[in-house]
Amino acid sequence: NPAQLRKIMLSREYEEHWEDRTSKETLADVDEKTLKTFYEKGVRSGRIPMVDECNAKNLLTSLGLLNGNNLTNAGRLLFSKNNPLTLNLAVFATEYKETFLDLVREEGNIFQLINFAMNYLSKNIRWRVQLSSDGEHREEIPEIPIEVLREAVINSFAHAKYDVPIKHEIDVFPNRVSIINPGSFAN
């Protein structure tokens with residue numbers, strides 16, 4: 001029946017490993033700064049072993065993001081300097097998508113867009129100030145913890161389905177932040 005066919009199709013949705021397919025982009029298309037930052041953070045956290053000769057080719061090969069001289073689809077989305085993804089961001093005046101106070105469209109790779117999203121959210125959510133007991137110092141406290149927003153933004157990019165046209169969106173409303181990605185839950 002149709003429900004069973006749908007279940008079968010959904011169960012095979014993630015079988016193809018689209019991320020491992022070879023893209024048209026090459027080592028020349030790698031954003032070296034993003035790759036270097038990723039590598040340094042990975043080594044510092046103990047999640048990535050040090051590479052003897054640290055260059056883009058060795059690092060991307062060790063991460064499984066290079067097929068010959070070409071980036072895999074995953075490598076392209078993570079490290080391309082050719083702006084493979086688009087992120088739309090908006091601040092709305094009310095809880096409805098009728099009147100916007102700010103509207104931005106940013107392009108970049110996943111790491112660039114995560115950083116841009118976090119800067120945008122930090123500037124557009126509300127913050128309160130709490131004064132210390134001595135009255136000389138203050139602490140700025142976001143309405144939503146920054147760590148929570150960062151986790152949600154990263155999850156949005158990590159769990160998106162990239163073999164279809166991509167549109168990531170983050171909307172800030174007076175009563176919520178909405179993070180939308182093209183994707184589905186694994187079956």
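1. Helices (H or I, at least four residues) and strands (E, at least two) are taken here as DSSP runs, numbered from the N terminus. Please keep in mind that this is a predicted model, in which local features need pLDDT of at least 70 and side-chain atom pairs count only at pLDDT 80 or more, while totals for chains, interfaces and linings use all residues. Residues are numbered from 1 along each chain as its sequence is written, and side-chain values use heavy atoms, with hydrogens and water left out.

2. A pair in helix H2 (residues 32–45) is a good place to begin. Glutamate 40 and lysine 36 are 4 residues apart there, so about one helical turn separates them. They form a salt bridge (a side-chain nitrogen of Lys or Arg within 4 Å of a carboxyl oxygen of Asp or Glu), with 3.8 Å between the closest N and O atoms. The structure holds 7 salt bridges.

3. Now to the sheet. It is open, with 4 strands in the order E5-E4-E8-E9 and mixed pairing; two strands pair if DSSP finds at least two bridges between them. Strand E5 (100–108) and strand E9 (176–180) each have a single partner strand, so one side of each lacks a neighbour in the sheet. E4 and E5 run antiparallel and are joined by 8 bridges, and leucine 87 has glutamate 106 in E5 as its bridge partner.

4. Have a look at lysine 97 as well. Its salt bridge with glutamate 169 has its closest N and O atoms 2.5 Å apart. Lysine 97 sits in the loop between E4 and E5 and glutamate 169 in strand E8, so the pair ties together parts that are 72 residues apart in sequence. Lysine 97 also meets aspartate 171 in a salt bridge (3.1 Å, N to O). Shared partners join Lys97, Lys167, Glu169 and Asp171 into one network.

5. How buried or exposed are these partners? Buried means under 20% relative accessible area, exposed over 50%, and partly exposed in between (1.4 Å probe, protein chains only). Lysine 97 is partly exposed at 49%, whereas glutamate 169 is buried at 12% and aspartate 171 is buried at 2%.

6. Finally, the largest nonpolar core (buried Ala, Val, Leu, Ile, Met, Phe, Trp, Tyr and Cys residues joined through side-chain atoms within 4.5 Å) has 21 residues, of which Val153, Phe157 and Tyr162 touch the most other members. Helix H5 (110–124) is one of the elements that supply at least two residues, and its share, 7 residues, is the largest.
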